[in-house]
Amino acid sequence: MSSQNKPRSDVKASTKTATSSEDDTPPKSDSRFVLYSFILLGICINCYFNSLEAGFCFDDAKAIQKNHDLRPYTPIYEIFQNDFWGTPMHKDTSHKSYRPICILTFRLNYAIHELEPAGYHFGNMMLHWVLCLIIMYSFQTFLTQWMSFILATLFMVHPVHTEAVTGTVGRAEVLCGIFALLSLKSYEKGSGYRKKTVWMPIFLTVLLIVIATLCKEQGVTVLAVCCVYEVLWLQKVTLWEGLDLARILLTRPSKLPSWFVWSLKRMMFLLITTIGLMAMRIMVMGAQLPFFTSFDNPPASAPTPARQLTQWYLLPINAWLLLYPYPLLCDYSMGTIPFLQSFSDPRNLATMNFVTFLGVLSYYALTGNTKTARQVSMALAFLVFPFLPASNLLFPVGFVVAERILYLPSLGFSMLVVIGLQKLLMQERFKKLVYAALIVTVAFHAGKTARRNIDWKSERSLFQSGLQITRKNAKVWNNVGHSYERERKPEIALQYFKQATIVQPDDGGAWINVARAYQALELDVKAMEHFRKAELLMPAKRPGGSRRLDPKYLSIYVSMAAILRKDPARQHEALELLKKAIRMWPEFEDAFVNMGDLLVEMGRIDDAETILTKLLAFAPRNEIGLYNMGVIAIKKNDTMGAKEWFERCLHFHPNSPHAMFSLTAISEKQSGIPNEEAMLDKLMVLATVETKNYKLFAKIGLIFKKLEDLPNAALYLETAVEINDTFATAIFNLGHVYKLQRENEKAIQQFEKYIELNRDNINAWVLLGDLYVSHRTDYNAAWKCFEEAKRIAPDSLQVEHNFCVILVKKQQLQEAKQCFEALLDRDEDNMVKTNYDKLIALIAKREKEFSFNADDL
């Protein structure tokens with residue numbers, strides 16, 4: 001054993017040795033810090049400026065777009081009762097992710113610019129820069145200012161951070177890192193080398209750790225980092241000294257040196273704090289771990305030894321992402337990483353090499369009595385402790401590998417790189433080569449980061465980039481399909497969903513997606529067939545015997561009920577399916593909503609009201625439930641009650657277009673004064689956010705049409721038709737607007753398109769026939785249109801009148817005369833008589849002209 005690794009028999013002697021060691025606090029330059037800060041800002045902008053073009057992707061929809069906790073009507077205290085996704089922590093469906101501080105920052109974003117993605121991405125980018133400044137400042141305790149700047153630069157540009165910075169929900173990681181480092185800096189102020197404790201900074205440390213934990217759960221691990229800092233860095237205690245001190249503590253505690261007692265008190269305080277935080281976290285979770293399916297984290301449910309071998313293999317996988325972040329993947333679940341089935345799998349060598357390397361490095365850090373060894377100990381503390389909760393080694397988590405989880409651990413990895421650079425730079429002959437390699441690395445990482453941001457521009461681009469890396473992940477196939485599904489392209493979505501069922505045949509969610517695509521294509525028989533397949537793949541009961549399933553699976557019954565209710569004779573079957581879903585999960589909101597709607601359709605208004613009342617008892621902000629209660633009130637002729645329900649709906653959902661229009665209609669009915677303009681501004685603002693809501697664009701177009709602003713009416717109706725080219729209401733009204741604008745050919749195209757969707761609208765046939773007469777002079781086509789109109793309304797005077805007009809246009813005047821005369825008895829507004837008188841005058845004129853020409857002969 002070398003002299004520096006031998007246990008020291010005299011603790012006091014070791015104190016003198018440590019006191020005489022090199023100064024660990026390098027000189028700092030404020031002016032250089034400012035310069036470096038601006039350089040880091042420039043690097044940050046170059047790396048992440050294009051992230052401002054990204055939309056909401058992946059988990060952003062649930063955490064931001066659909067999260068009521070961001071809305072101003074939600075009391076602040078409720079944020080501290082709900083999980084990261086806005087679900088109450090006590091509910092079975094809660095993910096148990098408790099990050100209220102992060103949600104508060106999202107709420108601030110919402111208060112400024114609501115759901116404009118660029119603001120959220122800008123906030124993440126600036127927070128990432130702030131964290132890099134804190135890194136550069138706080139790590140000057142361990143490194144020189146120049147090396148701290150290099151560390152901050154390497155951390156800034158690392159491509160693995162794109163998920164945490166460009167992905168909006170990754171803000172939790174960034175905020176956690178900020179408060180974690182601030183807590184370590186505060187701990188530094190309250191402690192010292194062989195010094196008494198200054199308790200105020202220590203209390204502040206605990207407060208900052210609590211805040212970090214309320215940003216992201218791994219914030220609690222900074223307590224362990226503080227202990228490493230206290231023992232290995234600050235007090236410079238090696239493993240052998242530690243064992244010697246432990247022996248004295250157990251045998252002769254009165255002989256302990258005073259500095260060790262002070263240090264021990266600080267660490268005991270941190271330990272008690274850790275236990276307290278863990279206890280509070282367990283209480284908030286309701287003493288329950290979140291439930292994850294085997295598809296979320298396949299290795300966690302694998303048999304022995306595949307489970308253990310695969311989980312340990314994930315360690316070198318994560319390390320490789322830090323060392324060589326090419327390529328990057330949005331989701332590593334399902335079949336992305338095949339199981340290690342036995343000890344003979346050659347991938348076990350990667351695990352063994354990683355564990356060996358980490359063990360050697362840890363031994364060096366624990367036993368070395370040099371500054372470099374202590375630097376390595378701090379690097380390992382930042383690398384290992386923040387990663388442990390997500391490692392799957394302590395308890396199962398909801399993912400296999402997640403790049404955002406590596407955000408804070410990458411700081412430890414970057415510090416190891418800087419320590420290596422520091423050693424190489426001591427050799428003068430290597431300096432130019434080292435700096436050249438550093439510049440190339442930073443440039444490549446920055447370029448990769450900027451390029452990766454492009455993948456995060458939309459959900460489709462993100463998951464399609466995943467398909468370039470792995471074709472074995474059904475979740476990636478499904479999510480690409482969902483992107484087409486949202487754009488109402490079910491025929492394309494269906495191909496991706498089918499591929500997901502091939503990749504993962506036992507994934508019930510993929511079969512549900514296939515069925516929904518067939519349902520959107522109105523292939524109901526095939527849809528029912530695939531819903532039945534998905535039903536057979538429902539997961540078993542959850543631990544504890546509860547049969548409450550993920551709503552994804554229970555949506556099978558809602559979707560099948562939607563198909564069955566189309567046939568009035570099978571509506572009772574649909575009702576039974578919805579009841580079955582509610583029995584399996586008594587708080588399944590979609591089932592309650594659909595049951596209420598079905599009961600209204602069946603004429604059972606009172607039963608529908610009862611069902612919706614039950615829904616609003618456990619989901620008082622359900623938008624459709626609130627709106628439908630207003631509809632029921634209208635059906636009961638309770639106008640004031642309906643108004644209250646619509647106002648309540650708008651209180652929780654200010655942008656609900658249906659509630660807006662219904663409330664406006666009630667106000668108009670009560671006052672007798674149209675109020676379209678009052679709603680128009682709100683709806684147009686809403687349209688900038690809900691850019692795919694074709695019904696919203698159509699309603700705006702209809703308001704402009706009513707206000708006789710035909711150009712804007714055409715613009716919004718065209719947008720509605722572009723989004724959904726089968727939305728008959730928008731197509732009909734667009735054709736009518738074109739007719740009013742005298743763009744007759746466009747109008748004909750729209751009416752022809754409309755009657756392919758709906759052949760039972762008399763107005764469409766009449767307007768189309770009129771255009772055939774006036775614009776194309778195609779009297780035969782017009783005659784067929786009016787025949788269709790007569791089919792719908794056999795006694796329509798206007799349709800009969802139009803036949804007479806065609807006879808006039810075809811110069812069949814006597815037939816036209818007989819046609820008009822047959823209608824005179826039914827003519828109440830003199831429309832027929834007026835045209836009949838014109839025809840008689842025309843006939844008389846023609847007879848006179850004929851008589852004059854005959855005399856000439």
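**Helix packing and burial**

Helix α24, spanning residues 551-564, is a good place to start: its 14 residues reach 20 Å from the first C-alpha to the last, close to the 20 Å expected at 1.5 Å a residue. The model is a predicted one. In it, α24 is mostly covered, with 11 of its 14 residues buried. The buried set consists of Tyr553, Leu554, Ser555, Ile556, Tyr557, Val558, Ser559, Met560, Ala561, Ile563 and Leu564. Among the elements that cover these buried residues of α24 are α22 (508-520), α23 (524-536), α25 (571-584) and α26 (589-601).

Attention now turns to α7. The 13 residues of α7 should span 18 Å at 1.5 Å a residue, and its end C-alpha atoms lie 19 Å apart, which agrees. This helix is largely enclosed by the rest of the structure, because 12 of its 13 residues are buried. Those buried in α7 are Gln145, Met147, Ser148, Phe149, Ile150, Leu151, Ala152, Thr153, Leu154, Phe155, Met156 and Val157. The cover over the buried residues of α7 includes α2 (30-48), α6 (117-138), α17 and α18 (431-455).

One of these neighbours, α17, can be followed in detail. Helix α7 (residues 145-157) packs against helix α17 (residues 409-425) at an angle of about 135°, and their axes are 9 Å apart. An angle between 115 and 145 degrees counts as oblique, and α7 and α17 are therefore oblique to each other. Their crossing is right-handed. On the α7 side, the contact is made by Met147, Ile150, Leu151, Leu154 and Phe155, while α17 brings Ser410, Leu411, Ser414, Met415, Val417, Val418, Leu421, Gln422 and Leu425. Sorted by class, the contact of α7 with α17 has 11 nonpolar residues, three polar ones and no charged ones.

A further pair is formed by helix α15 (residues 348-367) and helix α16 (residues 371-384), whose axes come within 8 Å and cross at roughly 130°. That angle makes α15 oblique to α16. The crossing of α15 and α16 is left-handed. Here the contact involves Leu358, Leu361, Ser362, Tyr364 and Ala365 of α15, which meet Thr372, Ala373, Val376, Ser377 and Leu380 of α16. By class, seven nonpolar and three polar residues make up the contact of α15 with α16, and no charged residue takes part.

Side by side, the two crossings read as follows: α7 with α17 is right-handed, whereas α15 with α16 is left-handed.

Definitions and conventions:
Residues are numbered from 1 along each chain as its sequence is written. This is a predicted model: local features need pLDDT of at least 70, side-chain atom pairs count only at pLDDT 80 or more; totals for chains, interfaces and linings use all residues. Side-chain values use heavy atoms; hydrogens and water are left out. Axes are lines fitted to C-alpha atoms, for helices over the stretch in contact, and angles run from 0 to 180 degrees between N-to-C directions. Helices (H or I, at least four residues) and strands (E, at least two) are DSSP runs, numbered from the N terminus. Angles under 35 degrees count as roughly parallel, over 145 as roughly antiparallel, 65 to 115 as roughly perpendicular and the rest as oblique. A crossing is left-handed if the near helix is turned anticlockwise from the far one by less than a right angle, and right-handed if clockwise. Contact means heavy atoms within 4.5 Å. Ala, Val, Leu, Ile, Met, Phe, Trp, Tyr, Cys and Pro count as nonpolar, Asp, Glu, Lys and Arg as charged, and the others, Gly among them, as polar. The expected span of a helix is 1.5 Å times one less than its number of residues. Buried means under 20% relative accessible area, exposed over 50%, partly exposed in between (1.4 Å probe, protein chains only).
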